[in-house]
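Subject: Structure handover, with notes on its interior

Dear colleague,

I am passing on the structure below, together with some notes on its interior. Please look it over alongside the text that follows.

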Amino acid sequence: MCGIVGYVGAQEAAPILLDGLRRLEYRGYDSAGIAVLSESAGLQVKKAKGRLKVLNAMIDGGRSVDGFIGVGHTRWATHGEPNYINSHPHTSEQGKIALVHNGIIENYVEIKDFLISRGVHFCSDTDTEVVAQLLEYYYLISVDLLGSVYKVLDRIEGAYALGILCADMPDTFIAARKDAPLLLGFGEGCSFLASDATAIIRHTRDVVYMDDGEIAVLTRGGIQLYNAMQQPIEKEHHHIEWEVSAAEK
């Protein structure tokens, strides 16, 4: 099963993402990648086929990728063979959006045909790229990322856990969930996203489990949750009691 980890805070994101992905390796995967955003370098996407150590060596343990916000992913191939192009994160044609995705978009062919008819060009065989391209399509019209995410979720069918970066928002990213596990981590001056608590337990034990239809906006100052009706909501926080060593066993 694929793995997701996200971070925004005061530390360099790439090493934290790599560490989180390493703790998700037990889930199995055939490729790995990260997207990190900085005001100076913009949206940087680094990914590789094979084991996480390939990606780690490519980016010097994360030291060659600058930025304090990012998302990472380990992928089991479902749509398209395991290679660089089909690996996550996926980006939109004009480079505004990068995202990672667990799950399957059942109506991706229909949406892909629609976008192609509007002049959008695709480079991968995945259902996930369709989400990135559709999100950019709506975002370029409205310049409202959260509103565009809701439009995308109204359009797609299937299961998803999403971690979304926008090149125009260097201090914020968005998460969304339906029929795929996703949790939020609350830290001091930082926020986390993960498909599994093992990815972030070294950094925080204060978590909220997302439910279907919910969207979260994450910044270093905190996390705001919204329901399917676009209303802000508050949820119970859970404290993780178990240790990293127990989880790794």
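A nonpolar core, as the term is used here, is a set of buried Ala, Val, Leu, Ile, Met, Phe, Trp, Tyr and Cys residues joined through side-chain atoms within 4.5 Å. Please keep in mind that this is a predicted model.

The largest nonpolar core has 31 residues, and those with the most contacts inside it are I97, L145, V149, L153, I156, L162 and I164. At least two residues of this core come from each of β6 (97-102), α3 (108-117), α4 (128-142), α5 (145-155), β7 (160-166), β8 (173-178) and β12 (215-219), with α4 giving the largest share, seven residues. A second, separate core has 27 residues, among them A13, L52, L183 and A194.

For a closer view of the largest core, I164 is a useful place to begin: leaving aside residues up to four places away in sequence, I164 touches I97, A98, L99, L135, V149, F173 and I174.

There is also one cavity of 30 Å³ or more in the structure, and the volume of this largest cavity is about 30 Å³. Its lining is made up of V131, L135, V149, V152, L153, L162 and I164, which by class gives seven nonpolar, no polar and no charged residues. While α4, α5 and β7 each supply at least two residues of that lining, α5 gives the most, with three residues.

With best regards

Conventions: Residues are numbered from 1 along each chain as its sequence is written. This is a predicted model: local features need pLDDT of at least 70, side-chain atom pairs count only at pLDDT 80 or more; totals for chains, interfaces and linings use all residues. Side-chain values use heavy atoms; hydrogens and water are left out. Buried means under 20% relative accessible area, exposed over 50%, partly exposed in between (1.4 Å probe, protein chains only). Helices (H or I, at least four residues) and strands (E, at least two) are DSSP runs, numbered from the N terminus. Contact means heavy atoms within 4.5 Å. On a 1 Å grid over the protein atoms alone, a cavity is a set of points where a 1.4 Å probe fits but cannot get out, and a pocket is an open set with protein on both sides within 12 Å along at least five of seven lines; lining residues have an atom within 4 Å of a point. Grid points are joined across faces, edges and corners, and a volume is the space filled by probe spheres set on the points. Ala, Val, Leu, Ile, Met, Phe, Trp, Tyr, Cys and Pro count as nonpolar, Asp, Glu, Lys and Arg as charged, and the others, Gly among them, as polar.
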